[in-house]
Amino acid sequence: MIRVLIADNNVDLCVTLQEFLEAEEDIEVCGIAYDGEEALDLLGSLEVDVLILDITMPRLDGMAVLERMESLGLKKRPRVIVLTALSRDDLIQRFTDLGADYFMVKPFDLNLLAERIRQFAHSQGSNASASVSTGKYRPQVIDDEVSITRLLQEMGVPAHFKGYNYLRDAVRIVLRDEQMLGGSLTKKLYPQLAEKYGSTPGGVEAAIRNAVLAAWESGNRAFLDKLSGGNSRKGRFPTNSMVIAKLADELRLQGRVG
């Protein structure tokens, strides 16, 4: 059983995370802390495999928790997944230097969080041992989610739209398999996302369309124009396939994915 400690001052989010994770057969939420000092107290008294840590908390913030965690003399250092609404490179680098393993930008996919918890809980190798003594190491995995989120924010896609998550996942999938574009969009990609989110392929397509439309109407027209090769200036609304393909291309050009 993977033991998880949640440290976040958002009570509603903590309840949501606890209910979701407790429903997983192999994950147990062993504690919840609503501020940094409480998080350190629980870390010192509980055996924790994975710490889900918010950046902004009262009394002590997430950065202070990582700075002081080494002084606890823990027998086993938990792997750390940082939750953040900010995707600044300098902030991510600072948390990385302090030992954070992974970053999830809010809003995030709960299923992806569970996957990452399992991934890091079962990867206690030599790198993890070295990190306990030095307190500094590079994360083993930095997902392209942060980079995709930045582009969607730049594009102006509202984060509360269903299509936001669909579009984010669609770009991630296409980055790994370019054949998902074209005819495979409706035959494979939409059905895959529909199964994941409990929707229908038509619902996924419509939700992405609505998200792109919202960005088209009130988002970053200059960015959309760049993505569509100037079509936005001609009044041509970009298709789902075009947006997904261009976002994936933009990430590759910027070297943000490997």
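Arg-168 is a buried residue, with a relative accessible area of 0%. I begin with this arginine, and I should say at once that the model under discussion is predicted. The side chain of Arg-168 meets that of Asp-169 in a salt bridge, with 3.4 Å from N to O. Asp-169 is likewise buried, at a relative accessible area of 2%.

Asp-169 has a further partner. A salt bridge links Asp-169 to Lys-196, and here the closest N and O atoms are 2.6 Å apart. Because Asp-169 belongs to helix α8, residues 162-176, and Lys-196 to helix α9, residues 184-197, this pair ties together parts that are 27 residues apart in sequence. Lys-196 counts as partly exposed, at 34% relative accessibility. Through shared partners, the salt bridges join Arg-168, Asp-169, Arg-172 and Lys-196 into one network.

How many salt bridges are there in total? The count comes to twelve. One of them pairs Arg-118 with Glu-24, where the closest N and O atoms lie 2.5 Å apart. Arg-118 sits in helix α5, residues 110-121, and Glu-24 in the loop between α1 and β2, so this pair ties together parts that are 94 residues apart in sequence. Arg-118 is partly exposed, with a relative accessible area of 23%, and Glu-24 is also classed as partly exposed, at 22%.

Let me turn to the chain as a whole. Its secondary structure comprises twelve helices and five strands. Of the 258 residues in the protein chain, 52% are buried. If one takes the contacts with a sequence separation of 6 or more, 68% are accounted for by residues 24 or more positions apart. The chain exposes about 12,000 Å², and carbon and sulfur atoms supply 48% of that area.

Next, helix α2, which spans residues 36-45. Which of its residues are buried? They are Gly-36, Ala-39, Leu-40, Leu-42 and Leu-43. These residues cover an arc of only 165° around the axis, which puts them on the same side of α2. The general background is familiar: an α-helix has 3.6 residues a turn, so residues three or four places apart point the same way. On the other side of α2, the exposed residues are Asp-41, Gly-44 and Ser-45.

What do the buried residues of α2 pack against? Their partners are three strands, β1 (2-7), β2 (27-33) and β3 (50-54), together with helix α3 (62-69). At the start of α2 there is also a polar detail: a side-chain oxygen of Asp-35 comes to within 3.0 Å of the backbone nitrogen of Glu-37.

On the surface, a nonpolar patch is formed by Val-11, Val-15 and Tyr-34, and together they present about 220 Å² of accessible area. Val-11 is part of helix α1, residues 11-22. With 44% relative accessibility, Val-11 falls in the partly exposed class.

Another residue that deserves a remark is Arg-59, in the loop between β3 and α3. Its phi is near 70°, a positive value in a residue other than glycine. Is Arg-59 buried or exposed? Arg-59 is exposed, with a relative accessible area of 58%.

Two buried positions remain. The first topic is Met-104, in strand β5, residues 102-105. Met-104 has a relative accessible area of 0% and is therefore buried, the class being defined by values under 20%. Met-104 and Arg-116 are twelve residues apart along the chain, and their C-alpha atoms are separated by 9.8 Å.

The second topic is Asn-240, in helix α12, residues 240-253. Asn-240 counts as buried, at 5% relative accessibility. Which residues does Asn-240 touch, not counting those up to four places away in sequence? They are Tyr-190, Glu-205, Ile-208, Arg-209 and Val-212.

To close, I return to the two salt-bridge examples. Asp-169 and Lys-196 tie α8 to α9, while Arg-118 and Glu-24 tie α5 to the loop between α1 and β2.

Key. Residues are numbered from 1 along each chain as its sequence is written. This is a predicted model: local features need pLDDT of at least 70, side-chain atom pairs count only at pLDDT 80 or more; totals for chains, interfaces and linings use all residues. Side-chain values use heavy atoms; hydrogens and water are left out. Buried means under 20% relative accessible area, exposed over 50%, partly exposed in between (1.4 Å probe, protein chains only). Helices (H or I, at least four residues) and strands (E, at least two) are DSSP runs, numbered from the N terminus. The arc is that of the directions from the helix axis to the C-beta atoms. Contact means heavy atoms within 4.5 Å. A polar contact is a pair of N or O atoms within 3.5 Å; within protein, one must be able to donate a hydrogen and the other to accept it, and residues adjacent in sequence count only if both atoms are side-chain atoms. Patches are made of residues with over 30% relative accessible area and no salt bridge: like charges are joined within 9 Å, nonpolar side chains (Val, Leu, Ile, Met, Phe, Trp, Tyr) within 5 Å. Accessible areas come from the Shrake-Rupley method with a 1.4 Å probe; for residues, only the protein chains shown count as cover. A salt bridge is a side-chain nitrogen of Lys or Arg within 4 Å of a carboxyl oxygen of Asp or Glu.
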